[in-house]
Amino acid sequence: MYEICEYATGYVAFKVIPLFTSSFDVAVVGAGIVGLAAARELIQRHPSLAFAVLEKEQEPAHHQSGHNSGVIHSGIYYTPGSLKAKLCVQGAALCYKYCDQKGIPYKQCGKLIVAVEQDEIPRLKALYERGLQNNVPGLKLIGAKEIKEKEPFCRGLMALDSPYTGIVDYKQVAQSYARDFQEAGGTILTDFEVTNMEMAKESSAESEDGDKWNFNVVFCFPQGEEISCGHILTCAGLHSDRLSQISGCSPEPRIVPFRGDYLVLKPEKSYLVKGNIYPVPNPRFPFLGFHFTPRMDGSIWLGPNAVLAFKREGYKLLDFSPGDFLDAVTYSGLWKLVLRNVSYGLGELYRAFSISAQVRQLQKFIPEVTTSDVLRGPSGVRAQALDTEGNLVDDFVFDGGSGAVGSRVLHVRNAPSPAATSSLAIAAAIADEAQRRFQL
Ligand SMILES: Cc1cc2nc3c(=O)[nH]c(=O)nc-3n(C[C@H](O)[C@H](O)[C@H](O)COP(=O)(O)OP(=O)(O)OC[C@H]3O[C@@H](n4cnc5c(N)ncnc54)[C@H](O)[C@@H]3O)c2cc1C
């Protein structure tokens, strides 16, 4: 078992920790931005308790938290009163404050959501009203002339201007949360895949509190060794349904992986884009549409699309996992989703293979962009919860279960975008819930 112990050179150095130290009050499964933010919040609230974060990869933020658009969302899109709306608006403010405190670079470069067709204007106006209801700061509707003033190469009939939107490197933010957690006395164990959760047959004889260490997590490295903990919080992203299932809680909603591929604008064309430029989203899907996003390193990413993936952690176009594929195709919810959206799904699949089809989408906003100006870029895979009726679960979902194991577990079941923006606010909500359920 390894513990991360070196920061200055990134998360590359490990020290072996002896197994007899492996008893914790609370173990958090998943060192993505949500798990790390929650672990940090919990240890700050309960400094006398022992906390561990268990991560199957060799470094934190290896999956969604290290493969995303890097946008600090302002909270426009989300249903007023929903957790997403509340926690995004709070989370963006907390994110800016945290980055200021820690010296993490970010840019509040703003965003335009641009209507290029007349029939998008009513939806754009509805988004503006929604943003106002969600208390998003600084929103205004602007016309074609002001669009040109802000984004000289962008065309559009009307746009929603969100100056509060920004960009940051969420991997850097997650690593900073990890550092806070460890400095407060928390342990991060990498290469640690949680494969089972079960009650120990008997409590530790040494334990003063006979109930304290009677919950075991069995993991697969190095082959079936165990740690003990009182309670578990799972923040397992693309595997959140599987973690729920192994704890005896419901496997539903299932996770459906949607890969998002980016194109990258060639550096000599970066002048075409100043801030974030987004389309008016399709109201049937929670994804925000193919957009132009500046990155902290000065590059411009274009995308991502949303293609049903055949591997949960598959970042390449043709990645395939028989187990993940079988899981997906045997889920009735997926078939209902697919049958309702055949043409949209096929369109996205076609665009995933065809750069020129993707560029045609971009040209609606910036006609100067051509296929010779773009290169294939990285990809991310979204963990999107899907219910048995084939509906994409829109809001953040946290739940637990009943029974010996289920009552000691809290699962983050659905934490898609804007969960990176919202991570500090989600962490506070999770810590409140963990305190209530686990009586910490
Ligand atoms: C393409 C894309 C673009 C996005 N853009 C944005 C954006 O611009 N702004 C924004 O706010 N959000 C964005 N998001 C969403 C955001 O990235 C995610 O909501 C957020 O990163 C979720 O964090 P997480 O910690 O829940 O999941 P993850 O980062 O996926 O972390 C889960 C962790 O759990 C670990 N794990 C899983 N199973 C086990 C196990 N059995 N044992 C041990 N460890 C396990 C995994 O290895 C992983 O490290 C985007 C997401 C994607 C994919």
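**The ligand shell, helix α1 and the nonpolar cores**

In this predicted model, the ligand is surrounded by 41 residues, of which G30, G32, G237, G380 and A419 are the closest. Two elements, α1 (33-45) and β20 (374-386), each give two or more residues to this shell. By residue class, the shell around the ligand comprises 18 nonpolar, 18 polar and five charged residues. Both domain 1 (2-64 + 171-253 + 396-438) and domain 2 (256-388) supply at least three residues to the shell.

Helix α1 deserves a separate description. The end C-alpha atoms of α1 are 18 Å apart, which agrees with the 18 Å that its 13 residues should span at 1.5 Å a residue. The helix is mostly covered, with eleven of its 13 residues buried. These buried positions are I33, V34, G35, L36, A37, A38, A39, R40, E41, L42 and I43. They pack against the strands β3 (23-29), β4 (51-54), β14 (226-234) and β22 (409-414), and against the helices α5 (170-183) and α12 (423-438).

The discussion now turns to the nonpolar cores. The largest one has 103 residues, and A27, V28, I33, L36, A38, I426 and I430 have the most contacts inside it. Helix α12 provides the largest share of this core, nine residues. Domain 1 (2-64 + 171-253 + 396-438) and domain 2 (256-388) each contribute at least three residues to this core. Apart from this core lies another, of 16 residues, including L238, F258, A306 and V307.

V28 illustrates the contacts at residue level: leaving aside residues up to four places away in sequence, V28 touches G35, A38, A39, F51, V53, L233 and C235.

How values were computed: Residues are numbered from 1 along each chain as its sequence is written. This is a predicted model: local features need pLDDT of at least 70, side-chain atom pairs count only at pLDDT 80 or more; totals for chains, interfaces and linings use all residues. A residue is near a molecule or strand if its C-beta atom, placed from the backbone, lies within 6 Å of it. Helices (H or I, at least four residues) and strands (E, at least two) are DSSP runs, numbered from the N terminus. Ala, Val, Leu, Ile, Met, Phe, Trp, Tyr, Cys and Pro count as nonpolar, Asp, Glu, Lys and Arg as charged, and the others, Gly among them, as polar. Domain bounds come from an automatic or database domain assignment. The expected span of a helix is 1.5 Å times one less than its number of residues. A residue is buried if 20 or more other C-beta atoms lie within 10 Å of its own, exposed if 12 or fewer, and partly exposed in between; C-beta atoms are placed from the backbone. Two residues are in contact if their C-beta atoms, placed from the backbone, lie within 7 Å. A nonpolar core is a set of buried Ala, Val, Leu, Ile, Met, Phe, Trp, Tyr and Cys residues joined through C-beta atoms within 7 Å.
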